[in-house]
Amino acid sequence: MPSTMSDRLGSMQFERGTDAGRKLKHIIFGAMVLVAALFLLPSTFTYINPGNVGIVIHRAGGGVDPHPLDPGVHVRVPFATGIEEYPVFLRTVVLTRGGEGSGSNDEINVNSVEGQPVSLDVSLSFELDPAQTPKLYSTFRTDIDQITHGFVKQTIRQALQEVFGTEPVADIIGPKKAEATNRARALIAQRLQPYGFEVKQFTINELRAPQAVMDAINQKNVMQQQALTAQNELQKNTFQAQGDSIKAAGRAKAIMAEAEAQARANQLLSQSITPTLVQYELTKKWNGQMPQVTGGATPLLQLPTATKP
């Protein structure tokens, strides 16, 4: 009997220990699940910022999803799905001597048709077509900053070389700068468009050539300005001389016309004066008195005789 009671007590203690062990295992398992859930929860959801799209990468198979994620919260499978954000808002890349504050040199170097080196500071503004971003990522497999300072920069340099390489350095620095900029912009837009880039603006902020070339261009500009000034002065003098000649011709013509008119008047006057007319005019002015003169002869006033009909 004592042994039986002892066995029962031992059996009860064993069962209690087993239940406690099971409870402890359940607690440990629950804690592990909770920790795993807390660990996986952040990677279960992804947030795409406004102005961006999410490129979905299926790591378990399937490659890059052709449909990007819009801004907002999205569910994904942890460890099996990767997300790469691409900005689709307006961005501007500035390529200058000294870089964008990084200390690197991002200026574009090209050669003119004479082989003269020319360095340029340029800026390019663009947007990405959201529908094209998966293709862009599949092509380059990197973020947009790396693409911009790699592929995009090389595209800009190649387009500028093709344009500037056909023009004299004096023209691309001077009168053809705007034309060259527009031609380069068209080439850049054409070559970036298949990758989803929409070029909004392209500008050449500064253009540098060797000092000797700049001095020669400046001297040429001075000489051209002087020649233009001399030409303008010559034209001014020519127009003034022509004006004086026209005025002189007008005065001479007026004098000639006046002389001709006077001569004509004199001719008509001489033709109208006759002896009869003279006698008539003298008679009108005679007061009837004889002239008070000394001499033996009495002057006679001959009057015109009337003519018979």
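# Exercises on a predicted model

Glu198 has a relative accessible area of 35% and counts as partly exposed. The model it belongs to is predicted.

## Exercise A: a salt bridge and a network

Find the salt-bridge partner of Glu198 and state whether that partner is buried or exposed, or in between.

Solution.
- Step 1. The partner is Lys200, with 3.8 Å between the closest N and O atoms.
- Step 2. The cut-off for a salt bridge is 4 Å, and the pair at 3.8 Å meets this cut-off.
- Step 3. Partly exposed covers the range between 20% and 50%. Lys200 has a relative accessible area of 43%, so this residue is partly exposed.
- Step 4. Elsewhere, Arg97, Glu107, Asp121, Glu206 and Arg208 are joined into one network by salt bridges that share partners.

## Exercise B: salt bridges across the chain

How many salt bridges does the structure hold? Describe the one between Arg91 and Asp145.

Solution.
- Step 1. The structure holds 10 salt bridges.
- Step 2. In one of them, the side chains of Arg91 and Asp145 meet at 2.7 Å, N to O.
- Step 3. This pair links distant parts of the chain: Arg91 lies in strand S6 (residues 91–95) and Asp145 in helix H3, 54 residues apart.
- Step 4. Arg91 is partly exposed, at 22% relative accessibility. Asp145 is also partly exposed, at 42%.

Now treat the pair Arg183 and Glu167 in the same way, and say which partner is buried.

Solution.
- Step 1. The closest N and O atoms of Arg183 and Glu167 are 3.3 Å apart, and the two form a salt bridge.
- Step 2. Arg183 sits in helix H5 (residues 177–192), while Glu167 sits in the loop between H3 and helix H4 (169–173); the two are 16 residues apart and link distant parts of the chain.
- Step 3. Buried means under 20%. Glu167, at 10%, is therefore buried. Arg183, at 31%, is partly exposed.

## Exercise C: helix H3

Compare the expected span of helix H3 with the distance between its end C-alpha atoms.

Solution.
- Step 1. H3 has 21 residues (144–164), and at 1.5 Å a residue it should span 30 Å.
- Step 2. The expected span uses one less than the number of residues.
- Step 3. The end C-alpha atoms are 28 Å apart, which agrees with the expected span.
- Step 4. The helix also has a kink of about 30°, centred on Val152.

Which residues of H3 are buried, and how does helix geometry relate to such a list?

Solution.
- Step 1. The buried residues are Ile144, Ile147, Thr148, Val152, Lys153, Thr155, Ile156, Ala159, Leu160, Val163 and Phe164.
- Step 2. An α-helix has 3.6 residues a turn, so residues three or four places apart point the same way.
- Step 3. Take Ile147 of helix H3 as a case: its relative accessible area is 2%, so it is buried.
- Step 4. Leaving out residues up to four places away in sequence, Ile147 touches Tyr86, Leu136, Phe140, Thr142, Val152 and Phe197.
- Step 5. For Leu136, the C-alpha separation from Ile147 is 9.3 Å, with their positions 11 residues apart in sequence.

## Exercise D: a loop residue

Where is Thr96, is it buried or exposed, and which residues does it touch?

Solution.
- Step 1. Thr96 is in the loop between S6 and strand S7 (108–111).
- Step 2. Its relative accessible area of 16% is under the 20% cut-off, so Thr96 is buried.
- Step 3. Beyond four places in sequence, Thr96 touches Asn105, Asp106, Glu107 and Asp121.
- Step 4. Thr96 and Asp106 are 10 residues apart along the chain, and their C-alpha atoms are separated by 5.1 Å.

## Exercise E: the surface

Which residues form the nonpolar surface patch, and which elements give two or more residues to it?

Solution.
- Step 1. Phe45, Tyr47, Val73 and Val75 form the patch, with about 430 Å² of accessible area together.
- Step 2. The contributing elements are strand S1 (45–48) and strand S4 (72–75).
- Step 3. Tyr47 belongs to strand S1. At 46% relative accessible area, Tyr47 is partly exposed.

## Exercise F: the whole protein

Give the totals for the protein's elements, burial, contacts and surface.

Solution.
- Step 1. There are seven helices and nine strands.
- Step 2. Of the 309 residues, 23% are buried.
- Step 3. Among contacts between residues at least 6 apart in sequence, 71% join residues at least 24 apart.
- Step 4. The accessible surface comes to about 21,100 Å², and 59% of it belongs to carbon and sulfur atoms.

Key:
Residues numbered from 1 in each chain as written. Predicted model: local features only at pLDDT ≥ 70, side-chain atom pairs only at ≥ 80, totals over all residues. Heavy atoms only, no water. Patch = residues over 30% accessible without salt bridge, like charges linked within 9 Å, V, L, I, M, F, W, Y side chains within 5 Å. Areas by Shrake-Rupley, 256 points an atom, 1.4 Å probe, with all protein chains shown as cover. Helix = DSSP H or I, 4+ residues; strand = E, 2+ residues; numbered from the N terminus. Buried < 20%, exposed > 50% of the residue type's maximum accessible area, 1.4 Å probe, protein only. Contact = heavy atoms within 4.5 Å. Bend = angle between axes of the 7 residues up to and from the residue.
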